[in-house]
Amino acid sequence: MATHDQLSVIEETALAAISAAPDEAKLQELRVLYLGRKGEITGAMKFLKEVSADERREFGMRVNQAKEAVEAALAARAKALSEARYAD
């Protein structure tokens with residue numbers, strides 16, 4: 001079960017790992033770990049059906065925010081790695 005606090009920890013951990021990723025292969029590994037079919041954030045989405053109706057909307061929005069933040073970080077890091085590779 002993922003709570004708001006656990007989701008925040010997952011997001012923070014993902015963002016830190018992404019910013020430290022040394023290459024595209026590691027980025028892909030992190031994408032699968034957090035956004036893949038059995039990923040951490042994907043698992044939180046599956047948890048929505050277990051959340052009470054009162055909390056579902058708020059929790060769903062929070063999960064989507066975390067997912068979007070991780071997707072944006074992955075894209076930004078991929079761009080930075082690509083630019084660094086072509087700058088050399």
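1. Before anything else, a word on what I call a helix here: a helix is a DSSP run of H or I that is at least four residues long, and helices are numbered from the N terminus. Thr 13, for example, lies in helix H1. Keep in mind as you read that this is a predicted model.

2. Let's start with the overall picture. The protein chain has four helices and zero strands. Walk along the chain from the N terminus and the order of elements reads α-α-α-α. Here is where they sit: H1 covers residues 4–19, H2 covers 24–35, H3 covers 40–47 and H4 covers 53–87. If you draw a box around the C-alpha atoms along the principal axes, it comes out at roughly 55 × 20 × 15 Å.

3. Next, how much is tucked away and how much is on show? Of the 88 residues in the protein chain, 30% are buried. The chain exposes about 5900 Å², and carbon and sulfur atoms supply 54% of that area. Contacts are worth a look too. Take those between residues at least 6 apart in sequence: 65% of them join residues at least 24 apart.

4. Sequence separation and distance in space are two separate things, and two pairs let you practise with both. Thr 13 and Met 45 are 32 residues apart along the chain, and their C-alpha atoms are separated by 18 Å. Ala 80 and Asp 54 are 26 residues apart along the chain, with 41 Å between their C-alpha atoms. Ala 80 belongs to helix H4. Thr 13 counts as partly exposed because its relative accessible area is 40%. Ala 80 is partly exposed as well, because its relative accessibility is 33%.

5. Now H3. Which of its residues are buried? They are Ile 41, Thr 42, Ala 44 and Phe 47. And what covers them? The cover includes H1, H2 and H4.

6. My favourite residue to point at is Glu 11, which lies in helix H1. Is it buried or exposed? Glu 11 has a relative accessible area of 13%, so it is buried, since the cut-off for buried is under 20%. Leave aside its neighbours within four places in sequence, and Glu 11 touches Arg 62, Gln 65, Ala 66 and Ala 69.

7. One of those contacts deserves its own point. Side chains of opposite charge can pair when their charged atoms come close. Arg 62 and Glu 11 form a salt bridge, and their closest N and O atoms are 2.6 Å apart. Because Arg 62 lies in H4 and Glu 11 in H1, the pair ties together parts that are 51 residues apart in sequence. Arg 62 is buried too, because its relative accessibility is 17%.

8. The salt bridge count comes to three, so let's meet the other two, using the 4 Å limit between side-chain nitrogen and carboxyl oxygen. Arg 85 pairs with Glu 24, with the closest N and O atoms 3.0 Å apart. This pair also links distant parts of the chain: Arg 85 is in H4 and Glu 24 is in H2, 61 residues apart. Arg 85 is partly exposed because its relative accessibility is 44%, and Glu 24 is partly exposed because its value is 33%.

9. The remaining salt bridge joins Glu 29 and Lys 26, at 3.1 Å from N to O. Both residues lie in helix H2, three residues apart, which is about one turn of the helix. An α-helix has 3.6 residues a turn, so residues three or four places apart point the same way. Glu 29 has a relative accessible area of 48%, which means that it counts as partly exposed. Lys 26 is partly exposed as well, because its value is 31%.

10. Last, the charges. The chain carries 13 positive and 15 negative charges, and the mean positions of the two sets are 7 Å apart. On the surface, Arg 37, Lys 38, Lys 46 and Lys 49 gather in a patch of positive charge. Where is Lys 49 in the chain? Lys 49 lies in the loop between H3 and H4. With 68% relative accessibility it counts as exposed, because exposed means over 50%.

Conventions
Residues are numbered from 1 along each chain as its sequence is written. This is a predicted model: local features need pLDDT of at least 70, side-chain atom pairs count only at pLDDT 80 or more; totals for chains, interfaces and linings use all residues. Side-chain values use heavy atoms; hydrogens and water are left out. Helices (H or I, at least four residues) and strands (E, at least two) are DSSP runs, numbered from the N terminus. Buried means under 20% relative accessible area, exposed over 50%, partly exposed in between (1.4 Å probe, protein chains only). Contact means heavy atoms within 4.5 Å. Accessible areas come from the Shrake-Rupley method with a 1.4 Å probe; for residues, only the protein chains shown count as cover. Lys and Arg count as positive and Asp and Glu as negative; His and the chain ends are not counted. The place of a charge is taken as NZ of Lys, CZ of Arg, CG of Asp or CD of Glu. Patches are made of residues with over 30% relative accessible area and no salt bridge: like charges are joined within 9 Å, nonpolar side chains (Val, Leu, Ile, Met, Phe, Trp, Tyr) within 5 Å.
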